[in-house]
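Hi,

Here is the structure I promised to pass on. Have a look at it first, and then read my notes below.

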Amino acid sequence: MGDSAVGEQEPVKRASRTNGAGAASAGGAQGGAAKKAAAGKAPAKRAAKATAKSAAGTAAGATAKAAATKKSSAKAPAKAPAKTSAKPESHLAMVRRARRINRELGEVYYYAHPELDFENPYQLLVATVLSAQTTDLRVNQTTPALFAAYPTPEDMAAADPEKLEEILRPTGFFRAKAKSVLGLSAAISERFGGEVPDTIEDLVSLPGVGRKTAFVVLGNAFGVPGLTVDTHFGRLVRRWKLTEQTDADKVEAEIAEIIPKSEWTMFSHRTIFHGRRICHSRKPACGVCPISHLCPSYGEGELDPEKARKLLKYEMGGLPGQRLKPPPDYPGRPAPPLGGNAGQGAAGAAR
């Protein structure tokens, strides 16, 4: 308003000194100046409004974007506190963490056990050899007919190879497995009087028997502590940053220095159970993992608890287990016999 008042005063002063025509002329000039000022104000006002509207739109857009970002961040599951700092984990801290993992897995899998059905050392040895490149479930579904036909090493050594291969067909690689079973049965009969040996040196001397198989037999049939380094075990101890080794023998040696010898067999069972049920190879169920607070690899898998729960297998997912005859304290359902529907829990459990 200040500018328009000044513009109107000057023509009035000039009009008082002139004649009527001058006054009329001044009046015309006054009217023209007023119109021009009014015309100038309108675009300026519209421009001011447009600028304000644009600024408001930009501010609203920025606010909406910030709100969306905040909402997106709120939806994402919060990752557990970082386990690592600028300072690398010391060897002592790693050992303590490994032993705590073992203890806490023991509370979760209090029923951990070998997932192969067996009644004696010989059956466990044969079943373990057959478990290569297949599931324990498939082996458990195959061995009832196998041991019914050939109950002792002597019987198995005398078996017709073609008939044996036919029985073993469901386990895959049945020709190679039939050859191994025939060879180890003959060796047990001829060299060990029909009894499965109970030392690592003698067991690995049998056809088709490596350290992993030998430790399964020693730990579960003879009570001799041993680490079973199968694919699940190796994968998890590397994921837990307990070793960087990929060779099974080197993994075994390093873990043996970390876990007390008396715990070797059960640590193996607990680790393998966890790998089959929760800590899967491709998509771990991190969102429901009971030891996520101890895992430096937390976040590699599914973090949303509801989605992670759908990834659980076997008894953890309400599905049948792998054994047709599980231990009495097993909290899940027995597996069905060959030809039955084992459910999705059996998927991906191959060694």
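Which helix is the place of R277 in? R277 sits in helix α13. Before I go on, some ground rules: this is a predicted model, where local features need pLDDT of at least 70 and side-chain atom pairs count only at pLDDT 80 or more, while totals for chains, interfaces and linings use all residues. Residues are numbered from 1 along each chain as its sequence is written, and side-chain values use heavy atoms, with hydrogens and water left out. As for the helix names, helices (H or I, at least four residues) and strands (E, at least two) are DSSP runs, numbered from the N terminus.

Back to R277. This residue is buried, because its relative accessible area is 0% (buried means under 20% relative accessible area, exposed over 50%, and partly exposed in between, using a 1.4 Å probe and protein chains only). If you leave out residues up to four places away in sequence, R277 touches Y109, E115, L311, L312, K313, Y314, E315, M316 and Y330; contact here means heavy atoms within 4.5 Å.

Next, try helix α10, which covers residues 211–221. Of its 11 residues, 8 are buried, so the helix is mostly covered. Those buried ones are T213, A214, F215, V216, V217, L218, G219 and N220. What do they pack against? Their partners are α4 (121–130), α9 (200–203), α12 (248–256) and α13 (264–277). After α10 comes G223, with a positive phi near 70 degrees.

Another glycine to find is G194, in the loop between α8 (174–191) and α9. G194 counts as buried because its relative accessibility is 15%. Its C-alpha atom is 6.1 Å from that of P153, although the two residues are 41 apart along the chain. Setting aside neighbours within four places in sequence, G194 is in contact with P153, E154, I188 and S189.

Finally, the cysteines. How many disulfides does a search of the whole structure find? The count is 0, where a disulfide is a pair of cysteine sulfur atoms within 2.5 Å. C279 is in no disulfide, and the nearest cysteine sulfur, in C295, is 6.1 Å away. C279 is buried, as its relative accessible area is 7%. Why does C286 have no bond to C295? The sulfur of C295 is the closest cysteine sulfur to that of C286, but at 6.6 Å it is too far for a bond. C286 counts as buried too, at 10% relative accessibility.

Cheers
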